[in-house]
Amino acid sequence: MQEKRAQFELNNLTEHYSFGKVARQADGAVLYRQGKAVLLATVVMEEKPVEEPFLPLTVQYIEKAYAAAKIPGGFIKRETKPGDFEILTSRIVDRSLRPLFPEGFAHPVQITILVLSADENVDLQVAALHAANAAVLLSPLPIERSIAAVRLGRDTQGNLLVNPSLEALEEGSLDLLLVGSGSELTMIEMAAHATEVIEDLEMEELPPEALMGPMPLVLPHQESNEVDEEEFVGWLRMAAERIETASRAYAESFLPLKRRRDRETFTRLRAPEELVEFLRGRLAERIDAALAGLSKSERGAALGDLRRIAAAELEEYGMHPEPAQLQTALEKLVGEAVRRQILDERRRADGRTLDEVRPIEIENNLLPSVHGSCLFTRGETQALVTATLGEAKEGQMYELLTDRSPRTERFMVHYNFPSFSVGEARPIGAPGRRELGHGNLAKRALEPVVDVRLDKTIRLVSEILESNGSSSMATVCGGALALCAAEVEIKALVAGVAMGLVKEGDRSAILTDIMGLEDHYGDMDFKVAGTREGITALQMDIRSGGLDFSLLEKSLMQAKEARLHILEIMERARETIEPSGALPISEHFHIDPSAIVHVIGKAGSTIREIIQRFGVTIDLDREKGKVRVTGKDRDKVLAAREHISGIAVNAKTVEIPTYEKGKRYTGTVKRVVDYGLFVEMPGGIDALLHLSKLGSEGGEDLRERFHPGEKIDVVVLDQKGRKVELATPEYYEASQG
């Protein structure tokens with residue numbers, strides 16, 4: 001195939017595509033360039049189909065260190081397991097392209113995206129989406145639709161930005177990624193970003209400790225920047241128009257270059273219609289009865305029996321379908337029954353109304369040796385979330401491809417999904433893509449309300465003990481309360497809920513707090529998290545047909561009602577929290593940096609006395625005047641803080657004596673060290689008489705020549721506050737001559 005090229009100027013992006021130049025043995029390959037970033041996207045399809053009724057699509061997004069002119073860090077100097085950003089980007093590409101495949105497509109497909117050259121100003125997730133999309137359209141896969149991606153940001157003045165630079169995105173208050181095909185949105189990822197705001201304060205509004213140092217004119221605070229539902233829908237309408245224009249342009253350019261096959265060679269797993277009709281006539285009532293089970297396990301057992309019953313019925317009539325065909329037929333019938341009950345009868349398998357949230361139970365600080373914990377149960381979904389507090393140095397170090405120095409993550413959310421949570425007998429292994437994605441969603445939901453500027457590290461761990469839908473949103477709810485249980489200051493509680501949709505023609509039903517059955521057979525998985533003020537994070541996947549804006553707006557408002565209901569329950573639970581006995585008691589405050597030396601005392605005597613007297617540990621920042629006092633007894637910690645604050649206040653009131661340069665004074669030798677003498681000057685200031693300023697006397701053994709307590713004549717050379725530089729009269733006279 002001869003090389004062909006295409007270029008686009010769309011949505012503030014300049015993109016170059018090259019086909020037929022590299023990787024020509026793949027079914028589809030594209031060399032994509034944007035700025036200095038170069039990506040290679042390839043698609044390969046296996047001829048032999050699978051027998052399981054699912055789309056065997058695998059996406060790998062891989063960053064090469066050489067792309068940023070770097071050698072991999074660590075002992076092994078080659079790329080090994082993927083980083084978090086690579087895994088999350090792979091998931092985004094997978095979720096965006098999966099809806100394009102025809103129903104029942106059964107051939108394994110591997111999409112690989114390699115970053116060959118990096119650019120710190122290029123959004124590599126959008127680049128990966130567009131590169132993979134072009135490779136798919138060029139391949140023989142039976143896909144005739146193109147996707148397009150648009151990322152929206154919002155600057156500090158509230159202005160909306162289309163495909164902003166990464167720097168502007170990080171500094172702004174919004175990260176909203178939308179993917180669609182034509183006029184349909186198929187995937188949304190959103191997170192609000194907390195921003196630091198500086199506001200003028202009147203003198204009487206300043207906290208007492210601020211008065212100890214230089215008088216600040218302004219003080220910062222953090223805004224969580226929740227998004228209003230109506231404003232959010234307006235953004236989507238604007239982005240959808242841009243997505244439609246771009247996706248149509250891509251399709252018009254790429255589809256004429258598609259590698260066509262002479263005949264249809266794709267296998268689709270479809271049950272013969274006669275098999276479906278046969279089973280429908282004999283199993284319809286049994287399926288309805290199975291769906292009416294009171295619990296997930298009961299429904300699962302009843303639906304499992306259907307396969308055996310169906311096989312027996314077929315055997316009796318001499319019918320012997322392939323196992324995959326029988327499974328596909330049963331899946332279709334169960335799906336039809338679930339959707340019919342929802343659309344026709346407006347009822348759900350567990351008896352709830354369409355907008356009803358499952359019963360919620362909350363227990364806080366049930367783990368005595370943990371800083372903070374919450375057991376959050378919603379229906380048959382249960383998350384045990386723990387919060388652990390650590391020092392700033394305990395944060396997770398990581399490095400993005402274009403970074404020249406490591407970053408530190410000081411707020412972590414780790415999500416674990418053991419097999420026993422769904423009644424499966426599998427050993428627990430390393431976290432997979434799903435675990436990482438759910439943990440990232442929960443982190444994005446909670447991060448805006450956590451003041452990550454605090455000099456500490458916070459780790460949340462969610463152990464899913466039972467799962468029947470919406471475990472990531474249970475992690476959000478349990479995580480917010482675990483933070484409260486660990487006495488972490490948060491701006492507001494955050495709750496999350498998963499919404500679903502069943503749509504056929506003009507009929508539709510929006511479901512609140514979906515369970516696993518509704519997630520599997522529904523048309524939408526829409527997770528929304530936020531505070532009473534608005535949305536902090538959102539994730540949406542549409543499985544077929546896209547989503548119109550009237551349904552989207554209705555889904556958001558129904559989700560808001562559910563969120564407020566859950567928040568009310570969480571607020572009541574927060575009022576009953578008893579502090580954990582394992583929680584370290586810590587007080588953070590500021591004093592005048594010049595007073596730190598008084599807190600330390602001579603040779604550390606004062607700080608040692610405070611530590612022994614109050615039984616605490618003390619951390620000091622000499623430059624910024626930060627003080628952290630930590631201990632097990634709250635009264636002693638508070639008493640130590642008051643004592644240190646008193647020392648700082650007294651230090652401010654003590655007048656520092658001023659010495660005249662070149663004038664002779666008589667002082668007292670306090671200490672003799674190898675490099676000179678410490679001399680107590682009139683007025684109580686200790687000053688250093690350095691060995692180099694002793695004149696001829698400096699050649700003798702200092703400890704034989706000088707003794708603590710004896711008087712000595714000195715001349716002041718210089719003074720900066722409490723720091724006084726001395727010399728002997730002999731040295732001074734010689735230096736002046």
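Before anything else, a definition: helices (H or I, at least four residues) and strands (E, at least two) are DSSP runs, numbered from the N terminus. Okay, so this is a predicted model, where local features need pLDDT of at least 70, side-chain atom pairs count only at pLDDT 80 or more, and totals for chains, interfaces and linings use all residues. Residues are numbered from 1 along each chain as its sequence is written, and side-chain values use heavy atoms, with hydrogens and water left out.

Confidence, then. The pLDDT, which is the predictor's confidence in each residue, from 0 to 100, averages 87 over the chain, and 93% of the residues score at least 70. There is a weak patch: residues 199–219 sit below 50, and that stretch makes 28 contacts in the model beyond near neighbours in sequence. A contact here means heavy atoms within 4.5 Å.

Now the overall picture. We have 16 helices and 31 strands, and the C-alpha atoms fill a box of roughly 115 × 65 × 50 Å along the principal axes. Of the 737 residues, 51% are buried, where buried means under 20% relative accessible area, exposed over 50%, and partly exposed in between (1.4 Å probe, protein chains only). Take the contacts with a separation of 6 or more: 69% of them are between residues 24 or more positions apart. The chain exposes about 35,500 Å², with carbon and sulfur atoms supplying 49% of that; those areas come from the Shrake-Rupley method with a 1.4 Å probe, and for residues, only the protein chains shown count as cover.

On to the sheets. Two strands pair if DSSP finds at least two bridges between them. One open sheet has eight strands in the order β8-β7-β9-β10-β23-β22-β20-β21, paired antiparallel. At its edges are β8 (160–162) and β21 (507–512), each pairing on one side only. Neighbouring strands in this sheet are turned by 20° against each other on average, direction ignored. For angles in general, axes are lines fitted to C-alpha atoms, for helices over the stretch in contact, and the values run from 0 to 180 degrees between N-to-C directions.

Zooming in on that sheet, β7 (residues 148–154) and β9 (residues 174–181) run antiparallel and are joined by six bridges, with A148 standing opposite G180. Helix α4 (residues 229–254) lies across β7, β8, β9, β10 and β23, at about 45° to β9. Helix α9 (residues 471–485) crosses β20 and β22, running at about 155° to β20.

The other sheet I want to show is open too, with five strands in the order β13-β14-β15-β19-β18 and mixed pairing. Here β13 (360–364) and β18 (411–416) each have a single partner strand, so one side of each is left without a neighbour in the sheet. The twist averages 15° from one strand to the next. β18 and β19 pair in the parallel sense over six bridges, and F411 has I458 in β19 as its bridge partner. Helix α8 (residues 433–446) lies across both β18 and β19, at about 140° to β18. And α9 turns up again: it packs on this sheet, touching β13, β14, β15, β18 and β19, and makes about 145° with β14.

So what does S462, in strand β19, touch? Leaving out residues up to four places away in sequence, the list is A383, L384, V385, H414, Y415, N416 and T475. S462 is buried, at a relative accessible area of 1%.

Next, cores. Nonpolar side chains tend to be buried together in soluble globular proteins. A nonpolar core, for our purposes, is a set of buried Ala, Val, Leu, Ile, Met, Phe, Trp, Tyr and Cys residues joined through side-chain atoms within 4.5 Å. The largest one has 138 residues, and Y17, I111, I113, L176, F232, L538 and M570 have the most contacts inside it. Helix α2 (residues 124–138) gives the most to this core, with 12 residues. Apart from it lies another core of 30 residues, among them L291, A498, M515 and L517. As for L176, its contacts include V150, L152, I188, F232 and W235.

Last item, backbone oddities. Most residues other than glycine have a negative phi. N11, in the loop between β1 (4–10) and β2 (13–19), has a positive phi of about 55° and is buried at 14% relative accessible area. S470, in the loop between β19 and α9, also has a positive phi, near 65°, and is buried at 9%.
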